Amino acid sequence: MDALSRPAVVIDNGTGYTKMGFAGNVEPCFITPTVVAVNDSFSSSAPPAARGAPAKGNWLAQHSAGVMADLDFYIGEEALARSRASSTYSLSYPIRNGQVENWDAMERFWQQCIFNYLRCDPEDHYFLLTESPLTAPETREYTGEIMFETFNVPGLYIAVQPVLALAAGYTTTKCEMTGVVVDVGDGATHIVPVADGYVIGSSIRSIPITGKDVTQFIQQLLKERGENIPPEESFDVARRLKEMYCYTSSDIVKEFNKHDREPSKYIKHWGGIKPKTGAKYTVDIGYERFLGPEIFFNPEIYNNDFTTPLQVVIDRCIQSSPIDTRRALYKNIVLSGGSTMFKDFHRRLQRDLKKIVDARLRASNNRLISGDPKAQPIEVNVVSHPIQRYAVWFGGSVLASTAEFYEACHTKAEYEEYGASICRSNPVFKGMY
Amino acid sequence: MILLQSPSRFLLQILQERVLSGEKGMDIDCHTVEFDDVRYHIQFSMRNPKVMVLSVALPLPPPEAILHDGLPLGAVDAIKATYGSVVQILDPPKDGFDLTMKINLTKLPPDEASNDLFVYYTPEQRNAILTQIASIREVVLGAPLKLLLKHLASKTVAPNVDKLVALVHRPNESFFLAPQADKVTIVYPMRFQDSIDIVLATSFLQEFVEARRTAALNNVPSCMWSPAPPLELKGVPADALNANAGFVTFVVYPRHVESKRLDRTVWNLLTFHAYCSEGFMHTRMRRRVESLIQALDRAKSDAEKLKKLVHGASFKRMSLKNEGDSRI
């Protein structure tokens with residue numbers, strides 16, 4: 001068996017969660033938080049040089065302690081548990097706002113993903129990794145370097161996340177490879193128009209409101225209301241509450257009334273245990289349930305610096321795209337990323353966007369002199385599918401299970417011939433720049 | 001090098017979810033791969049949500065390894081002994097696989113909330129059984145190794161076993177056991193594809209043997225590395241010995257396979273790979289470069305740094321006095 005006959009490994013590294021698995025499956029094998037717990041007790045508090053001790057022995061001790069510290073780390077849920085249990089481990093998040101920040105941690109993360117979670121030999125499999133549309137070519141080069149040098153992979157493809165998200169919808173709804181991908185992840189929100197599989201680079205919009213901001217907003221609301229949550233856990237609790245209870249409301253005022261009328265129906269309780277003392281505590285969660293996701297539609301309730309709602313940004317993004325693609329783009333707005341999983345998110349987005357589009361159409365029709373042909377109404381369609389949370393991964397899985405995938409990959413032979421610069425170019429961006 | 005756990009995380013995760021999820025049925029049909037071309041095919045059907053059909057494909061056996069009906073020696077007995085009534089072997093196995101099993105999760109020890117007052121299992125015990133199912137690889141592939149080491153523990157030689165046993169190590173590669181009453185010698189021919197890897201691995205293995213000599217590791221199995229096949233491997237066909245990174249030999253004594261240690265020893269010997277060492281070397285190399293750059297930065301003289309600052313100034317500051325002078 002050679003690498004071509006084995007399934008490719010698909011790893012989608014997101015800011016919040018990493019999705020990994022083998023191509024050809026419907027679900028990723030693992031979804032784990034992208035976090036590494038490093039034991040820094042060796043490096044930071046190296047023993048002060050004892051006087052009179054042989055210098056060489058001391059150096060050797062420090063060196064081997066450093067080696068041990070290199071081996072002593074955990075990723076994912078395990079990392080979170082370790083750092084909670086003891087203070088010798090410090091957490092490091094290798095990806096920030098969709099971009100890799102800490103390559104050392106990232107390499108360790110990949111290493112654990114490949115060997116310990118997927119338990120495969122990287123020399124035997126082709127790899128598909130993902131990147132955000134705004135990733136610099138240098139980053140791509142570095143990724144290639146790590147993959148080819150450290151892990152010895154036979155072939156690598158670095159795909160653009162929104163294109164994969166579109167490809168995921170392709171199999172379920174049989175639509176074209178033209179559409180707008182609204183990718184709301186934990187660390188980055190991008191609105192990316194794609195025409196026939198090519199990203200329209202100049203029209204990409206990104207907004208500073210992400211899943212993490214929703215969490216922070218909920219955390220802030222809970223704190224202001226005086227909920228009794230241990231401070232060291234409050235972010236984590238807020239994140240969990242967000243994932244479990246939040247939903248999108250159709251009208252914020254009506255929703256407030258509903259909650260006031262029937263608090264018992266809408267207010268949820270959540271119980272936890274304080275990590276230090278072991279005492280139990282409960283948290284009530286009320287208005288936060290719909291106020292959290294509301295910051296996408298009314299950002300001014302969270303942040304004074306950025307007040308453009310999501311639907312307006314999407315509309316501007318489509319308006320800045322080539323005119324012949326606009327109708328097709330409005331017709332196929334695809335959601336992806338964990339933070340679009342709130343109940344009724346797509347309905348709300350579709351309604352709000354339709355309002356803007358219809359208003360513009362009416363205005364332009366009113367300007368016409370009677371007798372001129374009127375514009376056709378524009379179809380606005382926000383597509384939501386059940387695999388939204390790992391749509392990017394699923395798209396990658398579909399792509400990597402086709403025969404063409406192996407031809408599009410950068411291979412190890414190419415890498416050795418030309419160097420890491422082969423990873424700079426991406427076939428999906430070709431023709432647009 | 002990295003130590004892997006014996007149970008497959010993915011299998012364990014699926015099993016745990018399934019046991020906890022109650023009666024809710026959902027179709028699962030997925031393929032997954034592990035190192036050395038061990039493939040799993042996991043199936044759950046809607047009709048029988050508590051029955052898992054698990055097919056396992058083993059690495060392609062090298063010609064010198066002896067198999068019984070496509071499975072290693074003693075594998076069927078080992079499965080029966082380990083799992084009891086929970087697992088049922090289906091014969092013949094599914095197309096393209098070496099072993100198909102039906103795992104009935106209803107036969108697992110029930111929850112604490114069960115009506116059965118006399119059988120009382122904790123979730124930990126149930127988890128232990130699930131973990132065992134997830135370690136199917138160790139049970140099947142490690143069966144002959146376990147058999148031989150068990151005999152070692154009782155200081156006997158297993159009956160009707162050759163002087164030299166070849167076991168499947170990786171696809172088309174094998175490792176060798178020379179069982180004796182008081183010790184078992186295990187030899188791994190090391191093979192690598194990449195020329196750089198061969199060099200790195202050779203030096204790594206020499207270092208590995210060297211590390212064994214430190215005082216703290218007095219009790220571990222002794223370990224040797226040699227570029228030529230050791231004497232134990234006399235009579236083995238030459239094409240099974242074309243190792244390009246030498247041979248690693250471990251000698252296991254009865255004290256290494258005492259009751260509790262047996263399982264761990266089996267697994268560690270079964271999956272002896274020098275995985276991932278290169279990654280650590282790279283990490284250390286990068287750190288070294290960073291510290292050297294820092295040292296260089298520190299070594300720059302203060303004057304050099306100052307010069308840079310002055311150089312950066314784009315205009316000359318003039319005082320009123322200077323201005324006056326120029327007029328005169």
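This tour moves through a predicted model, stopping at selected elements of chain A and chain B.

**Stop 1: the three-stranded sheet of chain A**

Select strands 4, 5 and 6 of chain A, which form an open sheet in the order 5-4-6 with antiparallel pairing. The edges are strand 5 (73-75) and strand 6 (89-92) of chain A, each of which pairs on one side only. On average, neighbouring strands of this sheet are turned by 25 degrees against each other, direction ignored. Next, restrict the view to strand 4 (residues 36-39) and strand 5 of chain A, an antiparallel pair joined by 3 bridges. Within this pair, Val36(A) stands opposite Ile75(A) of strand 5. Then add helix 3 (residues 76-85) of chain A, which packs on the sheet and touches strand 4, strand 5 and strand 6 of chain A. The direction of helix 3 makes about 125 degrees with that of strand 5 of chain A.

**Stop 2: a hairpin of chain A**

Select residues 268-273 of chain A, which make up strand 15. Is this strand covered or in the open? Of its 6 residues, the number buried is 0, so strand 15 of chain A lies largely in the open. Extend the selection to strand 16 (residues 280-285) of chain A, which runs antiparallel to strand 15 and is joined to it by 6 bridges. Lys268(A) can be found opposite Ile285(A) of strand 16. The hairpin has 6 residues between the strands, and Gly278(A) takes a positive phi near 80 degrees.

**Stop 3: helices 14 and 15 of chain A**

Select Lys354(A), which belongs to helix 14 (residues 345-367) of chain A. Lys354(A) counts as partly exposed because it has 18 C-beta neighbours inside 10 Å, whereas a buried residue needs 20 or more. Show Tyr330(A) as well: it is 24 residues from Lys354(A) along the chain, and their C-alpha atoms are separated by 9.3 Å.

Continue to helix 15 (residues 391-400) of chain A, which is mostly covered, with 9 of its 10 residues buried. Among the buried residues are Trp393(A), Phe394(A) and Leu399(A), together with Gly395(A) and Gly396(A).

**Stop 4: chain B and its helix pair**

Turn to chain B, which contains 10 helices and 10 strands. Of its 328 residues, 28% count as buried. Among contacts in chain B between residues at least 6 apart in sequence, 64% join residues at least 24 apart.

Select helix 5 (residues 143-153) and helix 7 (residues 261-270) of chain B, which pack at an angle of about 135 degrees with their axes 10 Å apart. Helix 5 and helix 7 of chain B are therefore oblique to each other, and their crossing is right-handed. From helix 5 of chain B, the contact is made by Leu145(B), Lys146(B), Leu149(B), Lys150(B) and Ala153(B). Helix 7 of chain B contributes Leu262(B), Thr265(B), Val266(B), Leu269(B) and Leu270(B). The residues of this contact divide into 7 nonpolar, 1 polar and 2 charged.

**Stop 5: where chain B touches chain A**

Finally, display both chains: 22 residues of chain B are in contact with 20 residues of chain A. On the chain B side, the elements giving two or more residues are helix 1 (9-20), strand 1 (28-34) and helix 8 (277-299). Which element of chain B gives the most to this side? Helix 8 of chain B does, with 6 residues. The residues on the side of chain B that touches chain A divide into 10 nonpolar, 6 polar and 6 charged.

Technical notes: Residues are numbered from 1 along each chain as its sequence is written. Chains are lettered from A and ligands numbered from 1 in the order in which they are written. This is a predicted model: local features need pLDDT of at least 70, side-chain atom pairs count only at pLDDT 80 or more; totals for chains, interfaces and linings use all residues. A residue is buried if 20 or more other C-beta atoms lie within 10 Å of its own, exposed if 12 or fewer, and partly exposed in between; C-beta atoms are placed from the backbone. Helices (H or I, at least four residues) and strands (E, at least two) are DSSP runs, numbered from the N terminus. Two strands pair if DSSP finds at least two bridges between them. Axes are lines fitted to C-alpha atoms, for helices over the stretch in contact, and angles run from 0 to 180 degrees between N-to-C directions. Two residues are in contact if their C-beta atoms, placed from the backbone, lie within 7 Å. Ala, Val, Leu, Ile, Met, Phe, Trp, Tyr, Cys and Pro count as nonpolar, Asp, Glu, Lys and Arg as charged, and the others, Gly among them, as polar. Angles under 35 degrees count as roughly parallel, over 145 as roughly antiparallel, 65 to 115 as roughly perpendicular and the rest as oblique. A crossing is left-handed if the near helix is turned anticlockwise from the far one by less than a right angle, and right-handed if clockwise.
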